Amino acid sequence: MAAEKNNIPYKIYLSEDEMPKAWYNVRANMKVKPAPLLNPGTGKPMSFDDLRPVFCDELIRQELDNDDREIPIPQEILDFYKMYRPSPLVRAYCLEKALGTPAKIYYKFEGNNTSGSHKLNSAIAQAYYAKQQGLKGVTTETGAGQWGTALSMACAYLGLDCKVFMVKVSYEQKPFRREVMRTYGASVTPSPSETTAIGRKILQEHPGTTGSLGCAISEAVEVATSTPGYRYVLGSVLNQVLLHQSIIGLETKAALDKYNIVPDIIIGCAGGGSNLGGLISPFMGEKLRGEKDYRFIAVEPASCPSFTRGKFAYDFCDTGMVCPLAKMYTLGSNFIPSPSHAGGLRYHGMSSILSQLYHDGYMEAVSVEQTKVFEAAEQFARIEGILPAPESSHAIRVAIDEAMKCKETGEAKTIVFGLTGTGYFDMVAYEKFHNGQMTDYIPTDEELATSFATLPKVPGQEG
């Protein structure tokens with residue numbers, strides 16, 4: 001295979017001219033479309049007008065569009081993308097050699113920007129549409145801080161105000177990411193907080209809580225809907241976010257196609273689904289159209305196992321129960337995950353698109369304990385030279401596991417995974433791992449049953 005090594009470089013770059021000019025909407029090829037968002041008050045599907053108080057107009061159109069396969073990317077967004085895109089597709093030759101596997105491993109590296117993750121791909125799009133609408137600012141939530149950092153960068157670029165509610169445990173564990181947000185002009189509030197009615201209610205019901213993305217979403221939505229000139233934007237889960245993130249998969253496919261590489265397995269970490277949905281979208285499109293077959297693996301934390309142990313049901317997207325109901329794999333909106341270090345994966349539900357695809361058997365899911373994740377992160381850092389984010393390291397863990405299976409069987413499978421970002425602001429987590437202070441919390445069946453009991457009553461609801 002020496003000739004192959006000479007043919008395929010360590011890093012495959014596209015030129016700016018080869019960048020995708022349109023996002024790909026996987027819903028257009030889905031036989032069973034994601035179930036619509038429901039109004040929690042009436043139980044009826046949310047219309048454009050229902051969503052206007054919360055979201056920007058153009059983003060609502062994208063959210064509700066199940067039919068257009070391609071959505072053109074505005075030139076101003078393309079110009080911003082060129083600051084850090086196209087991102088490289090890396091052949092992990094060093095990792096392959098260290099593992100002694102016949103598998104060929106590639107990773108799409110999205111950490112090559114100051115926000116440190118893939119989140120900037122959607123942040124600039126959402127900020128752009130807010131600006132086009134003449135809004136003053138936006139509110140949002142953030143877990144580990146990558147999304148908040150990305151949105152603060154996008155808002156600074158476009159001259160918008162940015163209010164971020166950061167999950168309290170991450171606010172305390174990751175002060176430097178918080179300071180990056182403030183450097184870009186955002187205000188950052190630990191959630192749940194005393195600054196909103198819903199925050200005060202959550203603190204009363206869960207004294208001393210370390211927070212969750214569900215709590216932070218509730219606070220951000222309350223501020224957006226009660227402040228003139230503001231709208232709420234979300235970093236994952238929603239259809240529009242997976243649409244923007246399709247740039248990852250489109251670039252990955254274009255890079256692979258340059259060398260006639262066809263992947264066997266595509267792996268991504270999954271919290272709300274933005275990175276996984278973006279990475280797999282064009283490949284999933286081929287599978288849905290019957291053109292090719294791939295194996296897709298979603299990797300989630302064992303502490304927050306929405307796919308592997310959740311229910312496919314309508315649920316609130318937030319803990320405060322003020323957002324629309326979405327049909328998704330969920331642990332219950334009242335589920336407060338343990339304060340794991342992969343803050344970006346600590347969400348009780350999963351994208352409706354990915355949930356439907358998983359339900360229909362188009363993809364698999366596995367859950368992994370965080371100590372095993374950090375073992376893989378350290379191994380990867382030492383071999384490939386990149387310090388990965390804890391979230392991304394879930395995908396690394398399973399990519400290594402799959403490569404080792406190939407070592408046993410002798411199969412030279414091609415594995416592609418998403419390296420969503422860097423872990424430079426996650427050193428408290430690495431410190432706990434090195435000091436042997438990291439534990440593997442896995443929720444009990446009883447805890448999940450208690451949370452499932454709070455699922456809203458919707459006609460035709462499963463479970």
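Colleague: Which helix supplies the largest share of the lining of the second largest cavity?

Modeller: A cavity wall can be read by asking which elements its residues come from, and in this predicted model the largest share of that lining, three residues, comes from α12. Both α12 (239-258) and α13 (274-288) supply at least two residues each.

Colleague: Which residues line the second largest cavity, and how do they divide into nonpolar, polar and charged?

Modeller: The lining is made up of Tyr-24, Asn-25, Val-26, Asn-239, Leu-242, Leu-243, Gly-277, Ser-281 and Ile-353, and by character these divide into five nonpolar, four polar and no charged residues. The space inside comes to about 50 Å³, and a search of the whole structure finds four cavities of 30 Å³ or more.

Colleague: Turning to charged side chains, how many salt bridges are there, and which residue pairs with Glu-286?

Modeller: The count comes to 26 salt bridges. Glu-286 forms one with Lys-253, where the closest N and O atoms are 3.4 Å apart. This pair links distant parts of the chain, since Glu-286 sits in helix α13 and Lys-253 in helix α12, 33 residues apart.

Colleague: Are Glu-286 and Lys-253 buried or exposed?

Modeller: The cut-off needed here is that buried means under 20% relative accessible area. Glu-286 has 6% relative accessibility and therefore counts as buried, and Lys-253, with a relative accessible area of 15%, is buried as well.

Colleague: What is the relative accessible area of Asp-445, and which residue is its salt-bridge partner?

Modeller: Asp-445 forms a salt bridge with Arg-309, and the closest N and O atoms are 2.8 Å apart. Asp-445 lies in helix α19 (residues 445-452) and Arg-309 in helix α14 (residues 306-309), so the pair ties together parts that are 136 residues apart in sequence. Asp-445 is exposed, with a relative accessible area of 55%, whereas Arg-309, at 26% relative accessibility, counts as partly exposed.

Colleague: Which residues are joined into one network by salt bridges that share partners?

Modeller: Such shared partners join Arg-85, Lys-108, Glu-110 and Glu-251 into one network.

Colleague: How far apart are the closest N and O atoms of Arg-52 and Asp-57, and is Asp-57 buried or exposed?

Modeller: Arg-52 and Asp-57 form a salt bridge in which the closest N and O atoms are 2.8 Å apart. For the two partners, read separately, Arg-52 is partly exposed with a relative accessible area of 34%, while Asp-57 counts as buried at 12% relative accessibility.

Methods:
Residues are numbered from 1 along each chain as its sequence is written. This is a predicted model: local features need pLDDT of at least 70, side-chain atom pairs count only at pLDDT 80 or more; totals for chains, interfaces and linings use all residues. Side-chain values use heavy atoms; hydrogens and water are left out. On a 1 Å grid over the protein atoms alone, a cavity is a set of points where a 1.4 Å probe fits but cannot get out, and a pocket is an open set with protein on both sides within 12 Å along at least five of seven lines; lining residues have an atom within 4 Å of a point. Grid points are joined across faces, edges and corners, and a volume is the space filled by probe spheres set on the points. Helices (H or I, at least four residues) and strands (E, at least two) are DSSP runs, numbered from the N terminus. Ala, Val, Leu, Ile, Met, Phe, Trp, Tyr, Cys and Pro count as nonpolar, Asp, Glu, Lys and Arg as charged, and the others, Gly among them, as polar. A salt bridge is a side-chain nitrogen of Lys or Arg within 4 Å of a carboxyl oxygen of Asp or Glu. Buried means under 20% relative accessible area, exposed over 50%, partly exposed in between (1.4 Å probe, protein chains only).
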